[in-house]
Amino acid sequence: TLKMGIVGLPNVGKSTTFNLLSNLNIPAENYPFCTIDPNLAKVFVDDERFDKLCEIHKPKSKVPATLSIMDIAGLVPGASKGEGLGNAFLSHIRETDAIYHVVRAFDDPEITHTENEVNPVRDMQIISDELVYKDQEILGKRLEEVNHKINRFNDKDAKEEKEILDKVDALLKAKKWVRTADWNATEVDILNKYMFLTSKPVVYLVNLSSEDYMRKKNKWLVKIKEWITTNCPGEIIPYSADHEKQILEGKQDSKTSMMSRIIKTGYKVLDLIYFFTAGPDEVRAWTVRAESRAPQAAGVIHTDFEKGFICAEIMKYDDFIAAGSENAVKAEGKYYQKGKEYVVQDGDIIFFKFNV
Ligand code: GDP
């Protein structure tokens, strides 16, 4: 399954944030055969459509979509050269599919900043540099191999690969993330083999003081946005770990929480969508990669569904809500039968027909 990793310098609020997320952890009894990993949180993804379907069907069982989030302890300057537990952290990042980058923009004299003073832009640059250095190391090794193949065997594939790697090299030398360039589908296929750290999508979690968060002002926000736009574009979510803790303690209005938005955004950058199966027994959200076709989507439910796939019967969520019932949707001619080429859309309500 795809997962997000939480990354950032020490003392920026990563563990606090991870603990807040773990608090939303799905009860372990829902996963009887899984070992519990303290560094992994599995949380439900909120969705109004899911809630609405449950309200209508009043099912015996409800299974929302989930997101996995991994806590990756503090990265320090020099990690790419093995400082701290650098290489271990970087290999953990490699295992994740996208990054939550926690950035400290709160002042608190009680809490030391490892780089002495609060400066989120410098911090983002430090983290970015470490990831870039690590990618350069991987790239260097790979370029050697490719050059060898070209020199010895005049290998055609190797030449093609070298063109792509040279483009990566130029980007990294400019300290740009691999993902900021335009890549065509063939290039993406080749790049996928390397799992460059800077090819991962990033969501920036800007940790503010509770006060700044509530008044929606912080002196760093403009500079943070500028840095992100020029260096590595990604969604920015200002929040406050401290404020979220106060919400848990009942001292603040839960409507001001950003946790749900953080989770939804992670789900979105992983390029995941879900379709629903819905009836009186169960309402369930099934996670698939965007662009999945109907048989692959059926396979997520059960491999037999994919093997024996006949067709998918589909209602659009909005049509179902507007019409009020499945029969009304059918009467309006909006209950569709789709074949194996159908690309599943987010929010489709599907009933699969299959041969056993
Ligand atoms: P990590 O090293 O990045 O995992 O950081 P921690 O989550 O352990 O946080 C370091 C310290 O900062 C802890 O004492 C937290 O209570 C504190 N902290 C985290 N977030 C906030 C915040 O939003 N405001 C303030 N004032 N303190 C925070």
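Helices here are DSSP runs of at least four residues (H or I), and strands are E runs of at least two, both numbered from the N terminus. Counted that way, the protein comes to 14 helices and 12 strands. Keep in mind that this is a predicted model.

**Overall layout**

Taken along the principal axes, the C-alpha atoms fill a box of roughly 65 × 65 × 40 Å. The protein has 356 residues, and 33% of them count as buried. If you look at contacts between residues at least 6 apart in sequence, 68% join residues at least 24 apart. The domain assignment splits things into domain 1 (3-269) and domain 2 (291-354), with their C-alpha centres 33 Å apart.

**Around the ligand**

The ligand has 17 residues around it, and the closest are Gly13, Lys14, Ser15, Thr16 and Asp242. Two elements give two or more residues to this shell: helix H1 (14-23) and helix H9 (241-248). H1 makes the largest contribution, with 3 residues. As for chemistry, the shell divides into 5 nonpolar, 9 polar and 3 charged residues.

**Helix H8 and its two sides**

Which residues of helix H8 (residues 221-231) are buried? They are Ile224, Trp227 and Ile228. Viewed down the axis of H8, these buried residues fall within an arc of 95°, so they line one face of the helix. There's a simple bit of geometry behind that kind of pattern: an α-helix has 3.6 residues a turn, so residues three or four places apart point the same way.

Flip to the face of H8 turned away from the buried side and you find the exposed residues Val222, Glu226, Thr229 and Thr230. Back on the buried side, the cover over those residues of H8 includes strand S5 (98-104), helix H4 (120-153), strand S6 (202-207) and strand S7 (235-239).

**Strand pairing around S10**

Strand S10 (residues 309-316) pairs with strand S12 (residues 348-354) and also with strand S11 (residues 336-338). Here's how the two pairings look:

| Pair | Sense | Bridges |
|---|---|---|
| S10 and S12 | antiparallel | 7 bridges |
| S10 and S11 | antiparallel | 3 bridges |

If you want specific residues to click on, alanine 312 has phenylalanine 352 in S12 as its bridge partner. For the S11 pairing, the bridge partner of glutamate 313 is glutamine 337.

Definitions and conventions
Residues numbered from 1 in each chain as written. Predicted model: local features only at pLDDT ≥ 70, side-chain atom pairs only at ≥ 80, totals over all residues. Near = placed C-beta within 6 Å. Nonpolar A, V, L, I, M, F, W, Y, C, P; charged D, E, K, R; others polar. Buried ≥ 20, exposed ≤ 12 C-beta atoms within 10 Å, placed from the backbone. Arc of directions from axis to C-beta. Contact = placed C-beta atoms within 7 Å. Domains from an automatic or database assignment. Pairing = 2+ DSSP bridges.
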